[in-house]
2 protein chains.
Amino acid sequence: MNLHQMAEQALATHFEKVLGPTAPPRLIAAMRHAVFSGGARIRPQLCTAVAQACGMDAPQLTQAAGVAIEMMHCASLVHDDMPAFDNADMRRGRPSVHKEFGEALALLTGDGLIVMSYQVLLKSGQSHPSRLIALIQILSDGVGVPDGIIAGQAWECETRADLTQYQRAKTGALFVAATCAGALSAGADPQLWRALGECLGEAYQVADDIRDVIGQAQELGKPTGQDAQHGRPSMAHELGLGGAIEYFEKLIDRAVDSVPLVESGDTLRKIVRMESERLVPSSVCNSYRFVNATP
Amino acid sequence: MNLHQMAEQALATHFEKVLGPTAPPRLIAAMRHAVFSGGARIRPQLCTAVAQACGMDAPQLTQAAGVAIEMMHCASLVHDDMPAFDNADMRRGRPSVHKEFGEALALLTGDGLIVMSYQVLLKSGQSHPSRLIALIQILSDGVGVPDGIIAGQAWECETRADLTQYQRAKTGALFVAATCAGALSAGADPQLWRALGECLGEAYQVADDIRDVIGQAQELGKPTGQDAQHGRPSMAHELGLGGAIEYFEKLIDRAVDSVPLVESGDTLRKIVRMESERLVPSSVCNSYRFVNATP
């Protein structure tokens with residue numbers, strides 16, 4: 001089973017474990033729609049890859065940590081798609097949660113998934129109490145104030161925002177949570193894996209900005225040109241498309257270099273390179289490399 | 001300092017502790033607006049009163065538990081007030097969060113407060129790791145699926161809902177969290193205090209239904225007649241006003257009887273009686289006692 005299949009299976013298992021027979025059926029259907037949506041599952045894959053590099057001595061806990069982080073990510077997508085933010089009708093080629101189930105259930109779906117993330121950790125972490133507490137801390141730091149993804153999203157509501165701080169919080173924070181939680185779930189020092197999460201998080205955000213501009217609507221399964229339309233800060237607008245691509249490549253190099261000297265470090269470095277190719281194919285990089293203004 | 005003042009001070013202290021200098025200022029202002037709103041602070045008071053009855057040997061932890069529960073309550077009010085649900089412009093005599101800060105920030109305020117609840121517990125519970133984990137579990141059960149307040153709110157989106165199950169989840173769950181967390185934070189068995197939370201939670205919900213019908217808009221600081229307007233299930237509609245008042249009094253009796261035989265049990269029983277008088281004054285009970293239909 002590859003990392004993606006492992007993540008998908010873990011999500012299905014943990015989702016069912018938390019539910020009880022008394023839960024409201026439409027809420028559950030909406031939560032299911034939000035989670036089982038064909039997502040790339042980058043964060044749980046990253047969490048597991050780091051744990052493997054650290055010897056992964058508690059696979060159940062690693063799995064739960066990855067699932068918890070992915071559920072937080074799904075929760076944020078549901079709320080970000082709502083009319084108060086992006087007003088996006090589609091997500092990954094299907095109707096967004098509020099389009100399919102209405103705004104009330106979309107609101108509760110996000111809330112329910114935030115809490116479910118903690119429930120997933122609680123259900124799997126009882127035999128490792130000190131790691132469990134540290135994982136709950138990492139998860140909360142990645143999501144809440146002052147620097148988690150909720151704070152990141154909130155920077156869109158400020159009249160002035162620092163682009164780096166905005167992107168670090170909006171995307172980077174949950175990538176940092178993924179690498180740190182992966183290490184911690186395997187009993188390793190999470191701080192050594194922080195830089196990898198930071199570089200990858202920023203790289204993903206820049207890749208997203210690039211793809212929003214060059215437009216791969218069909219592949220993304222969501223509308224493009226959203227950053228400009230919503231006046232959101234974007235690296236592709238700040239540096240020009242060529243500059244943003246150059247910056248993306250630098251971030252990937254930094255990510256690769258940040259992997260600590262552990263036995264299976266090479267595997268992880270390879271994963272980062274492959275992921276980079278998936279995000280912004282080198283053919284795209286080459287064709288836009290010398291374009292320094294947005295099209 | 002009385003229980004209300006203690007709760008208010010604890011909220012202020014813990015709120016500031018979690019914030020950092022890097023948090024987005026408008027989000028923080030909106031979260032502050034949501035939390036410091038002149039609320040009755042019933043849940044943290046109940047949590048502390050139960051802990052005191054159990055010998056309260058870790059007051060910092062008890063305080064954090066009460067704050068966490070109150071923040072979850074505030075989060076739910078912010079989201080419930082939004083146009084997708086009650087579309088309430090006012091809350092406790094002031095503009096609701098979305099009216100003052102817009103829907104985007106209201107959405108994030110609720111999300112941020114949910115996560116902050118966990119952050120508050122984490123900051124104060126490190127010296128009692130096993131109690132901390134159990135408190136996080138109690139908090140999550142009270143809020144998430146299948147039976148917490150989020151599930152309770154979601155029952156409003158179903159075409160068929162059982163009134164008792166709806167009310168138990170929508171209001172009861174967080175009262176149960178308050179009594180159980182109070183006991184647990186003091187090292188006592190939370191299960192002995194479950195019934196008190198259940199009876200009080202239901203009593204509060206019935207009192208709310210009663211007041212929504214008889215109309216105390218000024219005192220409530222929010223519009224009345226909302227249950228009928230939004231087609232929400234209500235005990236005052238199901239039993240008639242007289243029947244609902246009778247049921248309320250029965251629930252208070254049951255709550256008083258459920259208090260376990262502990263040294264300071266009498267103090268707690270008195271608090272329950274006083275609270276009952278504040279919720280639905282006996283003068284109101286007497287004037288409506290024989291009205292068996294809704295006005």
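Right after helix H10 of chain B, the backbone does something worth a look: in this predicted model, B:Gly215 adopts a positive phi of about 75 degrees. The helix that comes just before B:Gly215 covers residues 194-214. With 21 residues at 1.5 Å a residue, H10(B) should span 30 Å, and its end C-alpha atoms do sit 30 Å apart, so expectation and model agree. H10(B) is also mostly covered, with 16 of its 21 residues buried.

Helix H6 of chain A, residues 103-125, tells a similar story about length. Its 23 residues reach 33 Å from the first C-alpha to the last, close to the 33 Å expected at 1.5 Å a residue. As for its surroundings, H6(A) is largely enclosed by the rest of the structure, because 21 of its 23 residues are buried.

Turning to the aromatic side chains, the count comes to five aromatic pairs over all chains. One of them joins A:Phe15 and A:Phe36: the ring centres are 5.4 Å apart and the planes stand at 80 degrees, which makes this an edge-to-face pair because that angle is over 60. A:Phe15 belongs to helix H1 (residues 3-18) of chain A, while A:Phe36 sits in the loop between helix H2 (25-35) and helix H3 (42-53), so the pair ties together parts that are 21 residues apart in sequence. The two partners differ in how much of them shows. A:Phe15 is buried, at 0% relative accessibility, whereas A:Phe36 is partly exposed, with a relative accessible area of 26%.

What about the cysteines? Searching the whole structure turns up zero disulfides over all chains. B:Cys47 is a handy example: its closest cysteine sulfur, in B:Cys180, is 10 Å away, too far for a bond because a disulfide needs the two sulfur atoms within 2.5 Å. B:Cys54 is in no disulfide either, and the nearest cysteine sulfur to it, that of B:Cys47, is 10 Å away. B:Cys47 itself counts as buried, at 0% relative accessibility.

Finally, the two chains. A turn of 180 degrees with a shift of 0.0 Å along the axis lays chain A on chain B, with an RMSD of 0.0 Å. Such an arrangement is the relation of a two-fold axis. Both copies use the same surface for their contact: 100% of the contact residues of chain A recur in chain B.

Methods
Residues numbered from 1 in each chain as written. Chains lettered and ligands numbered in written order. Predicted model: local features only at pLDDT ≥ 70, side-chain atom pairs only at ≥ 80, totals over all residues. Heavy atoms only, no water. Buried < 20%, exposed > 50% of the residue type's maximum accessible area, 1.4 Å probe, protein only. Least-squares fit on C-alpha atoms with pLDDT ≥ 70 in both. Contact = heavy atoms within 4.5 Å. Helix = DSSP H or I, 4+ residues; strand = E, 2+ residues; numbered from the N terminus. Expected span 1.5 Å × (residues − 1). Phe/Tyr/Trp six-rings, centres within 6.5 Å; stacked < 30°, edge-to-face > 60°.
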